[in-house]
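Let's go through the labels on this one and ask what earns each of them. Have a look first, then we'll take the calls one at a time.

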Amino acid sequence: SWFALSKACVAYVLSEIESNKTYCLFFNTGFCSDESFFQTIIGNSAFYKNVKGNLTYADWSVDPGPAFITQHHLPILKTDADKFFARKFNNESGDIVDLIEKELRG
């Protein structure tokens, strides 16, 4: 569920779903369907050549992860230009969100 798709790719996925009703039925009872439903369609299409790495930064160094984003993560966010999103924040994350707005979005 953590992905960004082009309009053309979304149209292709919707077309595939519409033309193959048994595909949807298969995923109705599958385990972790959200982690393979779209990926299977896209991975078996011409859109696969456009697939990029994960656009979301998450710190999995804690157990249980992911860690909440803090000021500790700011240098990492500054240098990782491939990441457009970050997780995870909570109700006390206002200060780091303000810093991200100021230092990364300018």
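Q: How many salt bridges does this predicted model have?
A: The count comes to 2. One joins Glu 18 and Lys 21, and the other joins Lys 78 and Glu 103.

Q: Why is the pairing of Glu 18 and Lys 21 called a salt bridge?
A: The cut-off is 4 Å between a side-chain nitrogen of Lys or Arg and a carboxyl oxygen of Asp or Glu. Here the N to O distance is 3.4 Å, so the pair makes the cut.

Q: What makes Glu 18 exposed, and what does Lys 21 count as?
A: Exposed takes over 50% relative accessible area. Glu 18 has 55%, so it qualifies. Lys 21 has 48%, which is not under 20% and not over 50%, so it counts as partly exposed.

Q: How do you know that Lys 78 and Glu 103 form a salt bridge?
A: Their closest N and O atoms are 2.6 Å apart, and that is within 4 Å, so the label holds. Lys 78 sits in helix 4 and Glu 103 in helix 5 (residues 94-104), so the pair ties together parts that are 25 residues apart in sequence. Both ends are partly exposed: Lys 78 at 45% and Glu 103 at 36%.

Q: What about Asp 59: why is there no salt bridge there?
A: The nearest side chain of opposite charge is Arg 87, and that is 11 Å away. The limit is 4 Å, so no bridge is called, even though Asp 59 is buried. Asp 59 is found in the loop between strand 1 (56-58) and helix 4 (74-79).

Q: What does Asp 59 have around it, then?
A: Leaving aside neighbours within four places in sequence, Asp 59 is in contact with Pro 66, Ala 67, His 73 and Arg 87. There's also a side-chain partner, Ser 61, at 2.6 Å. The cut-off for a polar contact is 3.5 Å, so that pair counts as one.

Q: How many disulfides are there, and how do you know that Cys 24 is in none?
A: A search of the whole structure finds 0. For Cys 24, the nearest cysteine sulfur is that of Cys 9, 15 Å away; a disulfide needs sulfurs within 2.5 Å, so this one is ruled out. Cys 32 goes the same way, with the sulfur of Cys 24 its nearest at 18 Å.

Q: What makes Ser 45 buried?
A: Its relative accessible area is 13%, and buried means under 20%, so the label fits. Ser 45 lies in the loop between helix 3 and strand 1. A polar atom of its side chain lies 3.1 Å from the backbone nitrogen of Phe 47.

Q: Which residues make up the largest nonpolar core, and which helices supply them?
A: The core has 8 residues: Cys 9, Val 13, Ile 17, Tyr 23, Phe 27, Phe 37, Ile 41 and Ile 42. Helix 1 (7-19), helix 2 (21-28) and helix 3 (37-43) each supply at least two of them. Apart from it lies another core, of 7 residues, with Leu 74, Leu 77, Leu 99 and Ile 100 among them.

Technical notes
Residues are numbered from 1 along each chain as its sequence is written. This is a predicted model: local features need pLDDT of at least 70, side-chain atom pairs count only at pLDDT 80 or more; totals for chains, interfaces and linings use all residues. Side-chain values use heavy atoms; hydrogens and water are left out. A nonpolar core is a set of buried Ala, Val, Leu, Ile, Met, Phe, Trp, Tyr and Cys residues joined through side-chain atoms within 4.5 Å. Buried means under 20% relative accessible area, exposed over 50%, partly exposed in between (1.4 Å probe, protein chains only). Helices (H or I, at least four residues) and strands (E, at least two) are DSSP runs, numbered from the N terminus. Lys and Arg count as positive and Asp and Glu as negative; His and the chain ends are not counted. A polar contact is a pair of N or O atoms within 3.5 Å; within protein, one must be able to donate a hydrogen and the other to accept it, and residues adjacent in sequence count only if both atoms are side-chain atoms. Contact means heavy atoms within 4.5 Å.
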